[in-house]
Amino acid sequence: MTVPELLLCLSLGCAAALKPTCLSAQFRRPGDYIIGGLFPFGTDTVNLTARSEPTLVACERLFADGLLWALGMKFAIDQINNSTSLLPGVKLGYDMYDTCFEPVVALQPSLLFLTQNGTTGIGVLCNYTDYQPRVTAVIGPHKSDLCLVTAKLFSFFLIPQVSYGASSEKLSDTEVYPSFYRTVPSDKNLVEAVVLLLNKFGWNWIATIGSDDEYGRGAQGLFLSTAGNHSICIAFEGLIPTDLADPKAQNQLEDTIRLINNTKVNIIVLFAFSQPAQALLEQSIRMGLSEKVWIGTEAWILSDITASIPNIQSIGTVLGFIMKAGTVPGFQKYVADLFTSVQQDKFCQESREFNHLVNSDVLGALCEECDRISLHDVSSLLSRSQIQPVYVAVYSVAQALHRALGCTHHACPRASPVRSWQLLHFMNTLPFTANGQSFRFDQSHSTNTGYELIFWSWENGTLTYLPVGDYEESLYVNKSQIQFHTADQKEPTSECFRHCKPGQFKQIKGFHLCCYDCTDCPANTFWSTKGSSTCTPCPEHQWSPLRSTRCYDRSERYLFWDEPLTIALLTLMSITISLTCLTAALFLKSLQTPLVQASGGKLNLFTMLTLTLLCLSCCLYIGKPSNTLCMIQQIVYALCLNGCFSTFFIKSLEITLVTEFSRCAPTFLRWVTGRRAWLLVALCLLAECSFCICYLHLGPDCLQSDHKSLPTEVLLVCKTRSWFAFALMHGYNGCVALVCFLCTFMVQTSGKKYNIARGITFAILIYFIIWIFFVAIFATLKTVLRSVAQIGTILATSLGILGTYYIPKCYIILFKPDLNTVDYFQYSIKEEPEEDSQ
């Protein structure tokens, strides 16, 4: 229809609208097969809670979109009845009723549709196979919550019900609703499109609001589950009341706006019908909510109710998805002609006669408000109202009936009437065409034609619905056509988190599970998976630095031969061995002197041999350790030290016999002097050897790989397997040393004699002090310094013995030869009597 023709019709319609029309009589026609229609002619029902009797519920205000949807069904049926190829010779009738967007209102005509044909009663039967209800199929209703009620009724009788607007995913359950179909995609498809749009712009910190009905709750629930799988964080989720007359509704709206403002999000996804959306947007304008990006759906984004809100431009940027539906050719001219015809008395008289043939007195007037509107009142909706879903729904039923009757392009056989349930097979399995386009119900009884992304474009106060993208299997967005509310008209940012860099993990903050900070992976952990919320520990044999994406093999750590510390220790060891050898040479040269004889004679040479071997054992602690080396270390140390202490033990016994047991000294001194002294040394060493064998049997030290002490290396250390065996072996030396100390520390001599006991006392005291420090240090060290501590203990013990027992004697031999006399050393350990006082 051309623009001049439409303007002419509008002018004629305005002139004729001064008197009531008979438009309300156009929603019922007789026919061979009746198709029921459920459309929201009105809205704003009276307070349902005030009902005390089950009387008829009336609507207070006309809903123009619902009227056009009903006219779309009428247009499709009239077109089919005038067709020569679709249902030739068969007349389709229709019976349309108002739902008022209320389940209570929709139930009454639904029950009427279920009545047995020609009666007003529903038969109660065991088998409804041959039951013929009043209607063959039902078109509508529009809202999901109404369909969830009516679909259970129609599914019991297996009457095909095709909705043109219900998108709830619950209705996809064909086991619960086997006869329910829809010519719109489900909310699942819509939610996927919205999520892809958010990802396209990088918006991951958003608020989502739904109307407190089946559509809002269902779509929001689907969105929340889908958004979480795409790293989209929901800062706020809420529901807005649908009963705006409720006194609590205003407070609920205010709380919603206040909470949105506190979250500081820039993106709001709104799943709601026009009236709840209008209430929310009006409240946000009143409370001065800052400009946001509003992502809407067809349920409110095309509504004149929301677009006509005062100062609506101040809310920010509005984007939304509407179902991709083509235009229905000829519909605008059909509506214009119909509005002209309903002004004519002859046309109205014929319409009323048709109504009388369809038991028009059952529910009374269908749409009283329709008689008081003109073409001018609905002209703005004609260009954008989604008529095609209704049109396609009628054709799906008509073509299923065509096949069930066995019709050809020329005629339909006049056989027994087709039952409603017989249409389901053809609707489930075969495609159908409408307006030259092919359609097919999928497994969930839906048709997915895709979505179109539109943008509210304001120019000089005029709103234009500008297409800026589309969604079928993928999303396309023409960003250049979108002018955002920001200063530079570029998309705003709305991020709770930034993208973490390699080596960082997401650390949740607050109570939002997908809102996090990027934190560096600590040492010895690595970041292995994109988007991972934790760092993976490295295997024991590997390490990693801070903020690492991989692990590295640990290097072995022990006391290397070329380390500066090792070289220093080896130098000290060489010095100690040199001092010991020089002392031994000096003692060998002066072996027959009184000093050497009094100190032990040839036993001193044995002692210095064991000290030399003890110093050489330091080399066992350098280099890569092994199980054998770990075992030998303790045995060599214990035996060498025991060899030294055994000579001190013999000398201590000699001192004790002379000083404390002088009467029996001549009898026992021969057992601790001369050749028998060597027998005692051998016995001491034999006892130590037995403890060493116990040590080997109970559990010698073994090699252990320590992965915890060093950050990047594996420390190779010798581990003590049996502390009891360790205590036996070294405890024996300690006991021998203690006996030496007890035998010598109280011995005193006069200033005229040399006190040999004092050298043993200090040597043993040095040994105990060194071991106290060694145990304290060794227990706290966890690095390669443990080997250093052991070497230091050996060298310190050796130097202590040399310094306290042998070096003073060397001094006398070299620098005080006049003291190296029999008189100075003979019986030097014996207490001399005090001179009588004169």
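What follows is a friendly exchange about a predicted model of a protein chain.

Colleague: Happy to have a look at this one! How many helices and strands does the protein chain have?

Modeller: Let me set the scene, bearing in mind that the model is predicted. The chain has 838 residues, and 52% of them count as buried. Its secondary structure comprises 25 helices and 27 strands.

Colleague: What share of the contacts with a separation of 6 or more comes from residues 24 or more positions apart?

Modeller: Contacts in this figure join residues with a separation of 6 or more along the protein chain. Those between residues 24 or more positions apart make up 70%.

Colleague: Let's turn to the open sheet. Which strands stand at its edges?

Modeller: Eight strands make up this sheet, in the order β10-β9-β11-β12-β13-β16-β17-β18, with mixed pairing. Two of them have a single partner strand each, so one side of each is left without a neighbour in the sheet. These edge strands are β10 (233-240) and β18 (475-477).

Colleague: And in β10, which residue is the bridge partner of Ile206?

Modeller: In general, strands of a sheet pair through backbone hydrogen bonds, either parallel or antiparallel. Here β9 (residues 205-211) and β10 run parallel, joined by seven bridges. Across in β10, the partner of Ile206 is Ile234.

Colleague: Which helix packs on the sheet, touching β9 and β18 among others?

Modeller: The helix covers residues 187-201, and its direction makes about 50° with that of β18. Besides β9 and β18, the strands it touches include β11 (267-271) and β13 (316-323). The helix is α5.

Colleague: Now the backbone details. Which residues does a cis peptide bond join, with omega about -5°?

Modeller: Look at the loop between β6 (137-139) and α4 (144-157), where Pro141 is found. The cis bond there joins Gly140 and Pro141.

Colleague: Leu158 is not a glycine, yet its phi is positive. Is Leu158 buried, partly exposed or exposed?

Modeller: Leu158 sits in the loop between α4 and β7 (161-163), with phi near 55°. Buried would need a relative accessible area under 20%, and exposed one over 50%. Leu158 has 32%, so this residue is partly exposed.

Colleague: What is the relative accessibility of Asn435?

Modeller: Asn435 lies in the loop between β14 (432-434) and β15 (437-439). This residue is not a glycine either, and its phi is positive, about 60°. Asn435 counts as partly exposed because its relative accessibility is 36%.

Conventions: Residues numbered from 1 in each chain as written. Predicted model: local features only at pLDDT ≥ 70, side-chain atom pairs only at ≥ 80, totals over all residues. Heavy atoms only, no water. Helix = DSSP H or I, 4+ residues; strand = E, 2+ residues; numbered from the N terminus. Buried < 20%, exposed > 50% of the residue type's maximum accessible area, 1.4 Å probe, protein only. Contact = heavy atoms within 4.5 Å. Pairing = 2+ DSSP bridges. Axes fitted to C-alpha atoms, helices over the stretch in contact; angles between N-to-C directions.
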